[in-house]
Amino acid sequence: MEKKRKIRLGRVVSRKMDKTAVVVVETSRHHPMYKKTIKKLTRYKVHDEKNECAPGDVVRLVETRPLSKEKHWRVAEIVTKAEVIEIRPEELEIEPEIVGARLEEVEVEPEVEVKPEAETTSNEKDIEVEGKEVDTEEKT
């Protein structure tokens with residue numbers, strides 16, 4: 001008698017390995033004591049023979065024999081493909097004069113100003129922070 005295989009539905013989050021995808025499956029259950037729904041995210045490494053999956057795709061997984069140390073699932077089908085939006089640089093309408101003006105308006109000021117050591121004594125240092133003088137003592 002053949003054992004019924006487990007089936008899961010998940011979303012592809014990584015495709016950085018050859019013939020392997022990382023899929024996140026979200027399961028929720030009701031906590032018996034606190035009566036709150038708890039979501040649990042489980043990451044599965046799944047076998048993708050044809051390298052068809054892309055990040056964002058929703059896929060159906062089927063349990064299979066161990067293919068490697070961590071791969072025990074394979075992609076049965078791609079339910080929905082992720083929508084990829086491609087924008088060419090020519091399609092962006094950015095006026096260079098406006099971008100240049102915005103960069104010139106921003107002035108970066110140092111947050112902490114330390115006076116040279118020649119003006120201070122060895123035990124005290126005057127540090128100016130945002131226009132306020134703060135005296136700090138060295139403890140030995």
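**View 1. Tyr-44 and Trp-73, two buried aromatic residues.** In this predicted model, Tyr-44 is buried, and Trp-73 is buried as well. Together they form the structure's 1 aromatic pair. Their ring centres sit 5.0 Å apart and their planes meet at 50°, so the pair is described as tilted. Look for Tyr-44 in strand 3 (residues 37-47) and for Trp-73 in strand 5 (residues 71-80); the pair therefore ties together parts of the chain that are 29 residues apart in sequence.

**View 2. Lys-71, a buried lysine without a salt bridge.** Here we stay with strand 5, where Lys-71 is found. Which side chain of opposite charge is nearest to this buried residue? That is Glu-49, 7.5 Å away, and Lys-71 has no salt bridge. The side chain of Lys-71 does have polar partners: one polar contact goes to the side chain of Thr-20, at 3.0 Å, and another goes to the side chain of His-47, also listed at 3.0 Å. Leaving aside residues up to four places away in sequence, Lys-71 touches Lys-19, Thr-20, Lys-45, Val-46, His-47, Arg-65 and Pro-66.

**View 3. Strand 4 with its neighbours, strand 1 and strand 5.** Begin with strand 1 (residues 7-17) and strand 4 (residues 58-63), which run antiparallel and are joined by 5 bridges. To find your place in this pairing, pick out Leu-9, which stands opposite Arg-60 of strand 4. Strand 4 is also joined to strand 5, this time by 6 bridges, and these two strands run antiparallel. A handy landmark here is Val-62, whose bridge partner in strand 5 is Arg-74. As a general guide while you follow the side chains, those of a regular strand alternate between the two faces of the sheet.

**View 4. Lys-19 and Lys-35, two loop residues with positive phi.** Most residues other than glycine have a negative phi. Lys-19 is not a glycine, yet its phi is positive, at about 60°. You will find Lys-19 in the loop between strand 1 and strand 2 (20-30). Lys-35 is not a glycine either, and its phi is positive at about 55°. The loop that holds Lys-35 lies between strand 2 and strand 3. Are these lysines buried or exposed? Lys-19 is partly exposed, with a relative accessible area of 31%, while Lys-35 counts as exposed at 58% relative accessibility.

**View 5. Cys-53, a buried residue in a loop.** Cys-53 belongs to the loop between strand 3 and strand 4. With a relative accessible area of 6%, Cys-53 is buried, because buried means under 20%. Its contacts, not counting residues up to four places away in sequence, are with Val-12, Arg-15, Asp-48, Val-59, Val-75 and Ile-78. Lys-19 from the previous view can help you get your bearings: Cys-53 and Lys-19 are 34 residues apart in sequence and 9.4 Å apart in space, C-alpha to C-alpha.

**View 6. The chain that holds these sites.** Stepping back, the secondary structure comes to 1 helix and 8 strands. Read along the sequence, these elements follow the pattern β-β-β-β-β-α-β-β-β. How much of the chain is buried? Buried residues make up 17% of its 140 residues. Among contacts with a separation of 6 or more, 43% are between residues 24 or more positions apart.

Definitions and conventions:
Residues are numbered from 1 along each chain as its sequence is written. This is a predicted model: local features need pLDDT of at least 70, side-chain atom pairs count only at pLDDT 80 or more; totals for chains, interfaces and linings use all residues. Side-chain values use heavy atoms; hydrogens and water are left out. Rings of Phe, Tyr and Trp (its six-membered ring) pair if their centres lie within 6.5 Å; planes under 30 degrees apart count as stacked, over 60 as edge-to-face and the rest as tilted. Helices (H or I, at least four residues) and strands (E, at least two) are DSSP runs, numbered from the N terminus. Buried means under 20% relative accessible area, exposed over 50%, partly exposed in between (1.4 Å probe, protein chains only). Lys and Arg count as positive and Asp and Glu as negative; His and the chain ends are not counted. A salt bridge is a side-chain nitrogen of Lys or Arg within 4 Å of a carboxyl oxygen of Asp or Glu. A polar contact is a pair of N or O atoms within 3.5 Å; within protein, one must be able to donate a hydrogen and the other to accept it, and residues adjacent in sequence count only if both atoms are side-chain atoms. Contact means heavy atoms within 4.5 Å. Two strands pair if DSSP finds at least two bridges between them.
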